[in-house]
Amino acid sequence: MIIDQFVARSVGHWRSMRSAHSLAFRQFEDVLSDIHIEPLAASDAEVGKYIETESIDSAQVVAPFRMTWEADSDWEPEDTSAVSKGSCILIPIPKTPSGGKLLRSVGYAEANPAVSTYHFLNDGTFILHTTYGQSVAEERIWFVSEHVRCRSSVLRTSEGSGVLQTSFASEVRRVSS
């Protein structure tokens with residue numbers, strides 16, 4: 001698989017059910033999310049602004065996209081009406097047909113811009129590595145069928161010596177009738 005195929009397969013509205021185990025807090029968390037993934041043009045103003053800050057030539061950009069989410073967790077703060085939601089732009093920069101880097105306007109583990117590296121396994125599994133200030137994340141996404149995909153993550157300490165959190169999600173694409 002190559003990045004533009006992966007993004008094309010990911011576009012749509014997904015319902016996600018994620019279970020996370022926070023080893024640091026000795027807590028299990030169940031999260032239901034609505035995730036919307038939409039393609040962006042390489043010429044999109046937000047994409048252009050972001051690649052300019054990273055000194056990336058627009059000719060290197062392949063299949064940028066926006067991901068928006070809204071999540072409901074069973075491990076909420078004291079305000080039970082609070083919902084976690086957000087949006088980020090993701091910009092793939094392939095280096096080879098099976099790998100490259102991914103610019104993220106908002107990271108997975110820390111809410112800061114991040115530069116990740118990615119590659120595909122022979123079976124099409126997408127592997128994403130991101131080093132943040134306080135942690136390192138590895139995410140894996142694979143398709144079970146056209147409308148079902150799975151995602152797992154492991155969040156480690158920045159030294160890589162301890163596991164902070166693990167998670168697994170199954171995601172089903174919402175299909176209009």
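Visitor: How many aromatic pairs are there, and what makes two rings a pair?

Guide: The count comes to eight aromatic pairs. Rings of Phe, Tyr and Trp (its six-membered ring) pair if their centres lie within 6.5 Å. One of them joins F6 and F126, at 4.4 Å centre to centre.

Guide: A quick word on the source: this is a predicted model, where local features need pLDDT of at least 70, side-chain atom pairs count only at pLDDT 80 or more, and totals for chains, interfaces and linings use all residues. Residues are numbered from 1 along each chain as its sequence is written, and side-chain values use heavy atoms, with hydrogens and water left out.

Visitor: Why is the pair of F6 and F126 called stacked?

Guide: Planes under 30 degrees apart count as stacked, over 60 as edge-to-face and the rest as tilted. Here the angle between the planes is 15°, so the F6 and F126 pair is stacked.

Visitor: What parts does the F6 and F126 pair tie together?

Guide: F6 sits in helix α1 (residues 3-10) and F126 in strand β7 (residues 126-131), so the pair links parts that are 120 residues apart in sequence. Helices (H or I, at least four residues) and strands (E, at least two) are DSSP runs, numbered from the N terminus.

Visitor: What about F120 and F126: what makes that pair tilted?

Guide: Their planes are 50° apart, so this is neither under 30 nor over 60 and falls into the rest, tilted. The centres are 5.3 Å apart. Ring pairs also link F6, W14, Y118, F120, F126 and F143 into a cluster.

Visitor: How do you know whether F120 is buried or exposed?

Guide: Buried means under 20% relative accessible area, exposed over 50%, partly exposed in between (1.4 Å probe, protein chains only). F120 has 8% relative accessibility, so it counts as buried. F6 is buried too, at 4%, and F126 is buried at 4%.

Visitor: Why is A63 called partly exposed?

Guide: A63 has 22% relative accessibility, so it falls in between the two cut-offs and counts as partly exposed. A63 is in the loop between α2 and β3, and its phi is near 55°, a positive value in a residue other than glycine.

Visitor: And S55, is that buried or exposed?

Guide: S55 has a relative accessible area of 67%, which is over 50%, so S55 is exposed. S55 lies in the loop between α2 (45-53) and β3, and has a positive phi of about 55° although it is not a glycine.
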